[in-house]
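Have a look at this chain with me. We'll go through a few helices, some buried side chains and a handful of backbone oddities.

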Amino acid sequence: MLSWTKTLKTVALSCTGLALAFGLTLGQSAAAEPEKDVLKFGFIKLTDMAPLAIAKEKFFFEDEGLQVELEAQANWKVLLDRVITGELDGAHMLAGQPLGATIGYGTQADVITAFSMDLNGNAITVSNDVFEEMKEHIEKDEDGKPKHPISAAALKPVVERYKADGKPFNMGMVFPVSTHNYELRYWLAAGGLKPGYYSPDNTAGQVDADVLLSVTPPPQMPATMEAGTILGYCVGEPWNQAAVFKGIGVPVITDHGIWKYNPEKVFGVTKQWAEENPNTHLAVVKALIRAGQWLDDPANREEAVEILSRSEYVGADEEVIANSMTGSFEYEKGDKRPAPEFNVFFKHFATYPYYSDAIWYLTQMRRWGQIENAKPDDWYIETAKKVYRPDIYMQAAEALIEEGYAQKEDFPFDTDGFKAPTAEFIDGVEYDGKKPNDYLSKFPIGLKDKQTVAGTGVVGG
């Protein structure tokens, strides 16, 4: 019995003969054959898994000679473990997961990424009761509506009241090395609230915390908040809009308001898998780039929403998913505002794996104590280059240009892998990926220099 690829190649060779007879060319027939052509990828039920679903549903994987099964995973830890053990060939991952695994935080494994899946896509939601208390501290616009983005300074008096009453203020995030953890921490600290530190003795990350953060799987966020276990959370879509539809919470800020065009998920595989299957890996990245292109065509977003709503993918109501995917975002019920860049899948070189994006995540790991001791700038840059693989991405880009699926200007051929320094954060602090320790020194809250966490607080300096 022929394998999937061999079957396609047989068809392709027949077509090639016909094509040559008519003076045509077929780019796919000349492509290197994948070492492995039947694949299983994992994902979490979030709208930013869209490039995987679209690559499958629009036959971009099949164009590359790949038969791909997509399988929803229970949580981020299970997903990463199954990639490391080889039960999954690759997965939709939190950007911090390949980095955390490579430096041995939580688990030890060489995991790489050659594809960044999207920009933006998260938000922070609080319960209705908390929002009511925040309201008097939120600046209003000329229509009397809350002025966005809302600073965590508006939450600070609420947290202080909870502390005065002897009650903990709990919030949820999806994983210790998640984008959501770092975004929530960034927002809280920018508003003058301490989100707590990690230490070798406290892996909960709650040392010296004003707000206690804990892990909750994304689809369970609304129900956990409704039960009162947490008072708010940071998560991707559709689970912020779900809180609005259920009438239980109010998104107070999107991650675009915390850091404009922040990098989000990545597609991760083990380094061993990539080395054993280089042609397959290249083919996967090509298919995902095409999916990103397709998704960023506004004419395709409604179809993407229908696909994502299916039970085998996100499995949420189309109306809920459409709220963020089609260019708007609803805060309080009825307060729907334009958000054309809420999910970016290809524009602004969204899919290129920049070293500076990886280094930002590493700075946040150091800021909050997950990286216990100070590291020189070179360590950050070398670690980023171990994990983020733009060399593979650019091979895929060149192949797509050659095959007529993309244009040279779609890709950052002149980059050195570092974005220009930017201060487009909610606190206005400038980030330069080539100077991570200088960046860390600018924050009033967070580890810097030779500080460490011991016992109940920060020591040294």
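What follows is a short walk through the model, one region at a time.

A little housekeeping comes first. This is a predicted model, in which local features need pLDDT of at least 70 and side-chain atom pairs count only at pLDDT 80 or more, while totals for chains, interfaces and linings use all residues. Residues are numbered from 1 along each chain as its sequence is written, and side-chain values use heavy atoms, with hydrogens and water left out.

Let's start with helix H17, which covers residues 377-387. Helices here are DSSP runs of H or I with at least four residues, strands are runs of E with at least two, and both are numbered from the N terminus. Which residues of H17 are buried? They are Tyr 380, Ile 381, Thr 383, Ala 384 and Val 387. (Buried means under 20% relative accessible area, exposed over 50%, and partly exposed in between, with a 1.4 Å probe and protein chains only.) These residues sit on the same side of H17 because they span an arc of only 165° around the axis, the arc being that of the directions from the helix axis to the C-beta atoms. The general background is that an α-helix has 3.6 residues a turn, so residues three or four places apart point the same way. Turn to the other side of H17 and you find Asp 378, Glu 382 and Lys 386 exposed. The cover over the buried residues of H17 includes helix H5 (96-103), strand S4 (111-116), helix H16 (355-367) and helix H19 (436-440).

H16 is a good place to go next, as it holds Tyr 361. This tyrosine is buried, with a relative accessible area of 1%. Leaving aside neighbours within four places in sequence, Tyr 361 is in contact with Ala 95, Leu 99, Thr 179, Tyr 182, Pro 263 and Glu 264, where contact means heavy atoms within 4.5 Å. Take Leu 99 from that list: 262 residues separate Leu 99 from Tyr 361 along the chain, yet their C-alpha atoms are 8.1 Å apart.

Another tyrosine worth a click is Tyr 186, in helix H8 (residues 179-190). Is Tyr 186 buried or exposed? Tyr 186 is buried, and its relative accessible area is 1%. Its contacts beyond four places in sequence include Ile 258, Trp 360, Gln 364, Arg 367, Phe 425, Tyr 439 and Phe 443.

Now for some helix packing. Two packed helices are described by the angle between their axes and the distance between the axes. Helix H13 (residues 278-295) packs against helix H18 (residues 390-402) at an angle of about 65°, with the axes 9 Å apart. (Axes are lines fitted to C-alpha atoms, for helices over the stretch in contact, and angles run from 0 to 180 degrees between N-to-C directions.) That makes H13 roughly perpendicular to H18; angles of 65 to 115 degrees count as such, under 35 as roughly parallel, over 145 as roughly antiparallel and the rest as oblique. On the H13 side, His 281, Leu 282, Val 285, Lys 286, Ile 289 and Arg 290 take part, and they meet residues of H18 including Ile 392, Tyr 393, Gln 395 and Leu 400. By class, this contact of H13 with H18 has nine nonpolar, two polar and two charged residues. (Ala, Val, Leu, Ile, Met, Phe, Trp, Tyr, Cys and Pro count as nonpolar, Asp, Glu, Lys and Arg as charged, and the others, Gly among them, as polar.)

Helix H6 (residues 128-135) and helix H7 (residues 156-164) form another pair, with an angle of about 115° and axes 8 Å apart. H6 is thus roughly perpendicular to H7. Val 130, Glu 133 and Met 134 of H6 make the contact with Val 158, Arg 161 and Tyr 162 of H7. In the loop between H6 and H7 you'll find Pro 149, joined to His 148 by a cis peptide bond with omega about 0°.

Let's finish with more of the backbone. The peptide bond from Glu 237 to Pro 238 is cis too, with omega near 15°, and Pro 238 lies in the loop between strand S10 (232-236) and helix H10 (241-246). His 348 is not a glycine, but has a positive phi of about 60°; this histidine is partly exposed, at 44% relative accessible area. Asp 449, in the loop between H19 and S15, also has a positive phi, near 50°, and counts as exposed at 52% relative accessibility.
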